[in-house]
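Please open the structure in your viewer and keep the selection panel at hand. The tour below moves from one stop to the next, saying at each what to select and what is there.

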Amino acid sequence: MIDWVSDLLFWIVFGSILFLLRGQRIFWSVGALGLLLLFNQFFTPGFFHIQILDGHLYGSRIDVLNQGAKVMLLSLGMVLVIATGGVDLSVGAVMAIAAAVSSRLLVTEHQSAGAAIAAALVISTLAGAWNGVLVAGFGIQPIVATLVLMVAGRGVAQLITEGQIINFLDPTMVYLGNGHLFALPFTLTLVLVTLGLAFFLVRRTALGLFIESVGDNDEASRYSGINAKQVKFLVYTFSGFCAGLAGLVACSNIKSADANNIGLYLELDAILAVVVGGTSLQGGRFYLIGAVVGGLFIQTLTTTLYARNVSSDISPVPKALAIIAVCLFQSESFRTRLSHVVRPFGRILKPLGSRPPQKSITATHDSPKP
Amino acid sequence: MANSLLEIAGLTKGFPGVKALDAVDFAIQRGEIHALMGENGAGKSTLIKVLTGVFPRDAGETRLEDKIIAPRSPREAEGLGISTVYQEVNLIPHLSVAENICLGRQPTWLGAIRWRAIAKRAAAALARLDLSLDVNRQLSSYSIAIQQLIAIARALDISAKLLILDEPTSSLDRTEVEELFKKLRKLRESGLGIIFITHFLDQVYEISDLITVLRNGRRVGCFATQELPRIKLVSHMIGKAVHQVEALEQKRASTASIRSEAPMLEAHGLGRKGSLRPLDLDIRPGEVVGLAGLLGSGRTETAKLLFGVDRPDQGTVRINRQAVRFNSPRAAIRYGIALTPEDRKVAGIIPNLTVRENIVLALQASRGSWQRLSVTEQAKLADRFIQALAIKTPSREQTVRNLSGGNQQKVLLGRWLATEPKLFILDEPTRGIDVGAKAEVEKLIQSLRQDGLAVLFISSELEEVVRQSQRVVVLRDRRKVVELTEGEISEETIMQSIATHNLERPAA
């Protein structure tokens, strides 16, 4: 009974959010998330079940929030890097470095949790800065520049842990990835605070404009007096910081630092999250909240497949199909084409994702894009 | 009309909020060069795009050799014999000439490409234009002019009946244009129909037989070139009466005495190896200095050195008597220098950002990221320049990519005016924009001058340089040839200076 009411409430809230987002770019990412949840509502028993234990909430949806935190954190850094026309492949390895640094300081060196966390964040930010120097300072292509750290980073993490898997039980460290705040997982707070920080950095200052400008047209931005190198350096540094946070959460989740496996392939999930969130890999316009929603979408997909007992060997296949579908629906030309093929469908599809036609004052374009 | 090659009747095409073509008629015969004229946004490009199947039409009928056609893609149009060469060379720089000509229809044998056949076919296509090139060399090793001809050769290789040239001359210099025209005349004799789109009035009169004028998506009329006075053509294009146009044309810069003020900028022996020989230049407040010369004579290089895009390796620059050294545009902007670059697309507009963002960009960049202009300040600024420069855009939130060339140029002007510069370097500010916008840009330059700005004006169109400048510096082969002052400035003296080989002043 309680479940029934809370579900209804959930869908009313979700529906209103979706309604408010109509015409926005991230409508499609949020909509895709909604479809996925709707599927689970009907076909995955227990997915929507929420339980209160010791004043904390438990349930699949809460799991998604908690487990998805890593990808959401990564995607916040990644989205800015991608907006400048680059990509950061090293975030998974940087996660491993952060985990290694913090647990070594905590366990082997007997430092306080605060010092361990701070050191891990400083080191991962430096790792991001290293990428920034390679890309902005030396002009190395982002894929190559970050590939260096992607490959070497795990080696560095192995050196730090001396090849061991370090286990820890320090309550502060364990709290990071397993604790609760306001009845919800603490990781959610972490994501929201980081989102707030990113939002402040790029939307309350002019950095966001510069990032989009550099990503859209590097040369013209330089002509306009934008310090493109500085902008690029900053986004890679921030991406390193976000990877550090994600690394701390990851090792806290499993109460140990495993340099070989922490953050493995998560850079790919983060890139996907950004793309699902509506940001183009070519750079330019970016969508911070879209990236977070993209992260949620990917985690929901993973959890759904897991809940439906899809073997982990074949789960990448349905995952890939779903992601392709979301990306296609974000493309206006695909929707237009689809609406030609499926007439009645088209009437619903067309107005949703595209902005309402603007009133034209003077109607003279040389070649207006339809 | 027995000989009619292509006939278009009542062609209509609308875009959301815009009627780009409104029942347009058009006809071209075999062996005819037909110019399509109109301001930016008049519908020329749309007409071509509908004709070649890039856009679907809303209404109307097209007949090619009396058969109704409705191509749905440029490829289909090519198959029917309608080939198009666009303003920007749409070839692939890293492939060879032969590959470029045969790309997409390469002769194969059992799926393997027959390289020798390709080379042969390419050579034959080039021979039609009396060109003999090494077809195995990379395309990018040839000049833009040659590349343009190669693009035409590619278009003709498809056994074309109708060739459409959309602004083929905008990146060519005088002699190259001559060369191109020679080839076009030859093609005309062979019975090809050619539709020619350009902004250069001179060229239209030089090459075309008929002129069709479009305005705001409608056909104004079709005229025999020889019977249409130039002033009438302009008046048809911009929709103003002849006497109004004359007033615009004759407005020459007032020859007010240049103030005896100290130069705002002085360059001594400024140069860079391989790009510009050492040159002296000074510009005073309230003065427009013209920079004339052929394409590649060092005009753009001069601008880039002054603006800090390229670093000079010799010479000094002083601004208000203070020695300065720029190693980036950022540094130059700090001293009140602004530059609208020659290549709007590459170095000017940020295509996917809005008009508002494009306008505030330079000012915001000079303020740094912490002192962000609030949304209301940005909107105010954008609205101010949209109004002051009469930028035609549905709203300030329109992406710049969707504006016409002239309006993009105005957005760039707005971007720099917002920074309140002391020296404005305008590199080809009127290239590729229509007559109306041109006049507006010229008016703007004069009003900036009167406000005490120093302006360095670079243009390929000599009459413009003559009309605008108080002094003209002529460049040839990356070297300053002569500096013409008031009274000496005329198209003839400039051309003479360009043509004369010695460094002495030509007799005026």
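**A tour of the two chains**

Begin by selecting B:His34, which has B:Leu210 of β11(B) standing opposite. The model you are looking at is predicted, and the tour should be read with that in mind.

**The open sheet of chain B**

Widen the selection to strand β3, residues 32-37 of chain B, together with strand β11, residues 210-215 of chain B; the two pair in the parallel sense, over 4 bridges. Both belong to an open sheet of 6 strands in chain B, whose order is β6-β9-β10-β3-β11-β12 and whose pairing is mixed. Which strands stand at the edges of this sheet? They are β6 (82-85) and β12 (218-224) of chain B, and because each has a single partner strand, one side of each is left without a neighbour in the sheet. If you look along the sheet, neighbouring strands are turned against each other by 20° on average, with direction ignored.

Next, add helix α1 of chain B, residues 44-51, which packs on the sheet and touches β3, β6, β9 (162-166), β10 (193-197) and β11 of chain B. The direction of α1 makes about 145° with that of β9(B). Then select helix α8 of chain B, residues 230-238, which lies across β3, β11 and β12 of chain B and runs at about 30° to β11(B).

**A hairpin in chain B**

Move on to strands β13 (residues 265-272) and β14 (residues 276-283) of chain B, which pair in the antiparallel sense over 5 bridges. Within this pair, B:Glu266 stands opposite B:Asp282 in β14(B). The two strands form a hairpin with 3 residues between them, and B:Gly274 in the turn has a positive phi of about 80°.

**The nonpolar cores**

Now select B:Ile425, which, leaving aside its neighbours within four places in sequence, is in contact with B:Ala303, B:Leu306, B:Phe307, B:Ile337, B:Ala338, B:Leu339 and B:Leu456. B:Ile425 belongs to the largest nonpolar core, which has 181 residues; those with the most contacts inside this core are A:Met95, B:Ile425 and B:Leu456. The largest share of the core, 16 residues, comes from α11(A). Apart from this core lies another, of 67 residues, among them B:Leu11, B:Cys102, B:Ile207 and B:Leu233. As a general background to such groupings, nonpolar side chains in soluble globular proteins tend to be buried together.

**Helix α11 and chain A as a whole**

Select helix α11 of chain A, residues 228-253, and compare the C-alpha atoms at its two ends: they are 38 Å apart, which agrees with the 38 Å that its 26 residues should span at 1.5 Å a residue. Is this helix mostly covered or uncovered? It is mostly covered, since 23 of the 26 residues of α11(A) are buried. After the helix comes A:Lys255, whose phi is positive, near 55°.

Zoom out to the whole of chain A, where the secondary structure comes to 16 helices and 6 strands. The radius of gyration of chain A is 22 Å, close to the 21 Å that the globule rule gives for 370 residues, so the chain is as compact as a globular protein of that length. Its C-alpha trace spans about 70 × 65 × 40 Å along its principal axes, and buried residues make up 48% of the 370 residues. Of the contacts in chain A with a separation of 6 or more, 75% join residues 24 or more positions apart.

**Single residues in chain A**

Select A:Gln158 in helix α6 (residues 142-161) of chain A. With 16 other C-beta atoms within 10 Å, A:Gln158 is partly exposed; leaving aside its neighbours within four places in sequence, it is in contact with A:Gly163 and A:Ala259.

Two loop residues make the last stops. Most residues other than glycine have a negative phi. A:His110, in the loop between α4 (91-108) and α5 (113-137) of chain A, has a positive phi of about 55° although it is not a glycine. A:His110 counts as exposed because it has 7 C-beta neighbours inside 10 Å, where 12 or fewer is the limit for that class. A:Tyr265, in the loop between β6 (256-257) and α12 (266-276) of chain A, also has a positive phi, near 65°, and with 9 C-beta neighbours inside 10 Å A:Tyr265 counts as exposed.

Definitions and conventions
Residues are numbered from 1 along each chain as its sequence is written. Chains are lettered from A and ligands numbered from 1 in the order in which they are written. A residue is buried if 20 or more other C-beta atoms lie within 10 Å of its own, exposed if 12 or fewer, and partly exposed in between; C-beta atoms are placed from the backbone. The radius of gyration is taken over C-alpha atoms; the globule rule is 2.2 Å times the number of residues to the power 0.38. Two residues are in contact if their C-beta atoms, placed from the backbone, lie within 7 Å. Two strands pair if DSSP finds at least two bridges between them. The expected span of a helix is 1.5 Å times one less than its number of residues. A nonpolar core is a set of buried Ala, Val, Leu, Ile, Met, Phe, Trp, Tyr and Cys residues joined through C-beta atoms within 7 Å. Axes are lines fitted to C-alpha atoms, for helices over the stretch in contact, and angles run from 0 to 180 degrees between N-to-C directions.
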